[in-house]
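Got the structure open in your viewer? Here is a short tour, one selection at a time.

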Amino acid sequence: MKTRLTLRESGWIECEELIWIKPDSPPLGSINRPRRAWESILWFSKSNKPKCYPKANGTESNRLGFEASKFEQGGKSHIHAGQNKVTAGIARSKDYIEVGTSKIEKGFNHPAMYPPEVPEYIIKLMTDENDLVCGPFMGSGTTGRIAKKLNRNYIGFDINSEYCDMSNEN
C-alpha cells in the first residue's frame, strides 16, 4: 500500500492492478492461513491515456458479443451497444496471467524469479516495438531478456549491484 500511495503522491496514475496467478506456488507463509497463490502487478503511468493493446494477448473466441437471450434487448444505449451481435475474433486480454512458478528459467541464481511469460504478457499489452521497457528491480534480467526478444529497448536497475552484473551478463 505504501508503494501505491507514494507513487500516486509523486504524480503517477494507477491504471490497473493485474494479477499473476501461480497455480503451483510453494506453500509459504503462515500455516494458519490459505496458501498465497497470486501476486499483484501494479500498472502506473504518467499519462491518463497510456498505451494499451487489449487484444495483444487475447485468444480466439466465437463469442465476442452478448447474446440477446442473456441480457434481453440492448436498445440504443452505448453501454449495451452491440450486445445482440455475437461475433468471432480475438477476445481482449484478461486482467490476470496464470503461469506456474515452475516455469522460471533455470541456471540463474536469484531468490525471487518469475516466469518469462509474466513480463512477455505485460510488454505485449503495453508497448510497441522499439519502445523502452524499464525493469526497476532488475534481478536476474528476465524482463530485459524478454524485452530484447520482443524488439524493445530496455533499461534496468537494482539496489543490489551483484544482480545488475548478473543481469548484464545474461
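Start by selecting Ile21, and look across to strand β5, where Glu98 stands opposite. Keep in mind as you go that this is a predicted model.

Now widen the selection to the two whole strands. β1 covers residues 13-21, and its pairing with β5 is parallel, over 3 bridges. Add β2 and you have an open sheet of 3 strands, in the order β2-β1-β5, with mixed pairing. Which strands sit at the edges? They are β2 and β5 (96-98), each pairing on one side only. Ignoring direction, neighbouring strands in this sheet are turned by 20° against each other on average.

Next, show what packs on the sheet. Select residues 2-9 to bring up helix α1, which touches β1 and β2. Its direction makes about 5° with that of β2. Then select residues 117-126: this is helix α3, also packed on the sheet, where it touches β1, β2 and β5. Compare the direction of α3 with that of β5, and you get an angle of about 145°.

Stay with α3 and add residues 142-149, which form helix α4. How far apart are the axes of α3 and α4? They are 9 Å apart, and the helices pack at an angle of about 50°, so α3 and α4 count as oblique to each other. The crossing of α3 past α4 is right-handed. To see the contact itself, show side chains for Pro119, Glu120 and Ile123 on α3, and for Thr142, Thr143, Ile146, Ala147 and Lys149 on α4. Colour them by class and you'll find 4 nonpolar, 2 polar and 2 charged residues.

Now hop over to Asn57, in the loop that runs between β2 (38-45) and β3 (60-61). Is Asn57 buried or exposed? Its relative accessible area is 18%, so Asn57 is buried. Leaving aside residues up to four places away in sequence, Asn57 touches Ser93, Tyr121, Lys124 and Leu125.

Finally, zoom out and colour by secondary structure. There are 5 helices and 7 strands in the protein. Trace the chain from the N terminus and the elements come in the order α-β-β-β-α-β-β-α-β-α-β-α. Of the 170 residues, 31% are buried. And if you take contacts between residues at least 6 apart in sequence, 58% of them join residues at least 24 apart.

Technical notes: Residues are numbered from 1 along each chain as its sequence is written. This is a predicted model: local features need pLDDT of at least 70, side-chain atom pairs count only at pLDDT 80 or more; totals for chains, interfaces and linings use all residues. Side-chain values use heavy atoms; hydrogens and water are left out. Helices (H or I, at least four residues) and strands (E, at least two) are DSSP runs, numbered from the N terminus. Buried means under 20% relative accessible area, exposed over 50%, partly exposed in between (1.4 Å probe, protein chains only). Contact means heavy atoms within 4.5 Å. Two strands pair if DSSP finds at least two bridges between them. Axes are lines fitted to C-alpha atoms, for helices over the stretch in contact, and angles run from 0 to 180 degrees between N-to-C directions. Angles under 35 degrees count as roughly parallel, over 145 as roughly antiparallel, 65 to 115 as roughly perpendicular and the rest as oblique. A crossing is left-handed if the near helix is turned anticlockwise from the far one by less than a right angle, and right-handed if clockwise. Ala, Val, Leu, Ile, Met, Phe, Trp, Tyr, Cys and Pro count as nonpolar, Asp, Glu, Lys and Arg as charged, and the others, Gly among them, as polar.
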